[in-house]
Amino acid sequence: MDKHITTVKNITLTGHNGSGKTSLTEALLYKAGASDRLGKIAEGNTVSDFDTEEIRRKTSINTTLANFTYDNIKVNLIDTPGLLDFEGGVREGIAAAGTVLITVSGKSGVKTGTRKAYSIAGSQNKARVFVVTKLDDPNANFYNTLTELKTVFGPTVCPVIVPVIEDGQIVSYINLIEMKAYKYDKDGNASEIDMPNGDIAHNDKMDYRLDGLIQAISEAVAETDDELMEKFFDGEQFTQKELIDGIHKGVNSGKITPVLCASAATLAGIDMLLKEISLLLPSPEEMPVAQAFTANDDIVEVPYDSQAPVSAFVFKTVVDPFVGKMSYIKVMSGTLRTGRELVNAATGSTEKTGKLYTMNGKKQTEVSEAAAGDVVAASKMNISTSDTLCDSSRVVRFPQIEYPEPCFSMAVKAKTQGDESKISAAVAKLLEEDPTLRFEQDVTTNEQLLSGLGEQHLDIAVAKLRGKLGAEVVLSVPKVAYKETIRKKVKAEGKHKKQSGGHGQYGHVWIEFEPTVGDELVFEEKVFGGSVPKNFFPAVEKGIQESMKKGVLAGCPVVGLKAVLLDGSYHPVDSSEMAFKTAASIAYKEGMKQADPVMLEPIGNLSVIVNDDNTGDILGELNKRRGRMLGMNPAGEGITEILADVPVREMHDFATFLRQATKGMGSFHYEFVRYEQLPANLLSDVIVSISNSGE
């Protein structure tokens, strides 16, 4: 066995915002001796939350790396954001993990971030562990949280470390594998005490007995092995080694999700958490063998082996104006070395490996190499997130990270006129760092749109543009691309006659306007007797085409228009293309007024995925937003897909509503499909809003 593969463990910390990921990271680093002080979020001095915006907002918004050594094992910690707007960072962190450690606040229990982290980790076949945090809070209740975890996530949930509670206070912690109890002093140092008997905690609903918890852990271990199952049924007690091996095996296979507990603030339980990381969590060689694609899209297995050809996966990109571009890389096979030329399987180009670093927050320690299973950062390489670097002797590419689609858009303008090019360059760097952002120009409104996963996501993106990249922008609600058309057939005259000394200007036309299908102008001529010479026909058509850029109701583009040139007159000297173009424009304006003009609004097709409990709220909201129901389909156990056509005008803040209504569990896809007539009762409001926006 490749010794290095068994001495590294990659752990990604995830969980709902405020559940204690960063504080737990800080406590682990401090207790393991990788940090000389226990930083605090409130003081802005933690290892992993070092970004200016994170310190100001007191919350994680970036995925960061840290590491420590414990029991001769190198542990790479990947601290991810808890805010739902930064799910992309969670997916990046989990992609590099062997184990996903999900923090659950003992005060607030299972939340949306808990469920999402558990689901994403499961979809990627990662080992999962729950850590109940914040037990120093007087309102925390470990056993209520444990019950909720079992209810939500099922029988795989297995308590391993539990508190002993007397009079509402935690007095000690029990390690159910060792069957030992520990008491902690004010500095987080443990001393062994006698095991309690009988009830170890009580709440309004039930008593928690030690023998019941032992029974639960024994049942979970018995499920992992036939021999252990037989021993369990015979009523024999498992040895400590059998418990460790059984839980270790169960964690690797997904049959057991251990529940541990700790207080990052007091350091109580942190030493036991370190011990269980060493004993229970899988090293890379114990994880399912990674699969990759060849150049022919054949699937091949890539075992962790430091002697094999190099392959490495880029799971995160960081763009820093001072340090430059940093790529976070997980080495999948072989040994990655500085200065070595490797093939980028995504582009086919050859890249020279930059300097390699291990990271502890913003602190960089240069290393010359990194073996299979390890995580490092590489500087100033022309590579992107989800790229695969590999030896030319075995070119493979690992599956790309799947990101949630942007669902909330705002129009972007430079705060200072003339800074547009600077804005574009800065946004390009931001997109490289955060693939869940999108930046594009709306061809119908000519606005530049920045899209992300929510209001807070875009707010922080703007703050990063200003603070890190020196580009100040202003966000506004995007314009709706309204259009105008006509509903009846009319005939209109346009005459342009002007005498200004010398050559005059003369053009005269009669044009019939009528509705038609399609966006483009349909132009015909039915002139008899040469009343309008043929050489002026293109000028008449061009005059109408240019006029169609603005309708008569609100100045919106006109579609669905057919124009037939019927008659007119000309002057042999004063007529010109410009004169007939102007005459056509006059006829257009007169005709549009008479032809019953109407506004058209864009309509999109909406697919909403929600829990069955939320369908009533969503249906009611879509009705308020003038949605037209198309149907409902089952989309999984307890999940429903709602289909509807909804006007674009009503969709701007739908992402915010859906998140609030479903507590972040709902998702949707929305796509423009067609234009429909705007209801007459909304016409005046739309005209006023367009006028105020200066469109």
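Helices here (H or I, at least four residues) and strands (E, at least two) are DSSP runs, numbered from the N terminus. The model is a predicted one, and what follows looks at its two top-ranked pockets by size.

Start with the largest pocket, which comes in at a volume of about 1,200 Å³. Its lining is made up of 34 residues, and S409, D442, L449, V648 and Y670 are the ones closest to the centre. Several strands and one helix give two or more residues to this lining: β26 (408–414), β27 (438–441), β28 (448–452) and β38 (667–677), along with α16 (680–693). The top contributor is β38, with 6 residues. As for chemistry, the lining of the largest pocket splits into 18 nonpolar residues, 8 polar and 8 charged.

Next comes the second largest pocket, with about 860 Å³ of space. This one is lined by 38 residues; closest to its centre sit E87, K116, G664, G666 and S667. Helices turn up a good deal in the list of elements that supply at least two lining residues each: α3 (87–95), α4 (112–123), α5 (142–153), α11 (455–467) and α15 (654–662), joined by the strands β35 (598–611) and β38. Here α4 gives the most, with 6 residues. Sorted by class, the lining of the second largest pocket holds 17 nonpolar, 13 polar and 8 charged residues.

One element links the two descriptions. Strand β38 gives the most to the lining of the largest pocket, and β38 also supplies at least two residues to the lining of the second largest pocket.

Technical notes. Residues numbered from 1 in each chain as written. Predicted model: local features only at pLDDT ≥ 70, side-chain atom pairs only at ≥ 80, totals over all residues. Heavy atoms only, no water. 1 Å grid on protein atoms, 1.4 Å probe; cavity = no way out; pocket = protein on both sides within 12 Å on 5 of 7 lines; lining within 4 Å. Points joined across faces, edges and corners; volume = space filled by probe spheres on them. Nonpolar A, V, L, I, M, F, W, Y, C, P; charged D, E, K, R; others polar.
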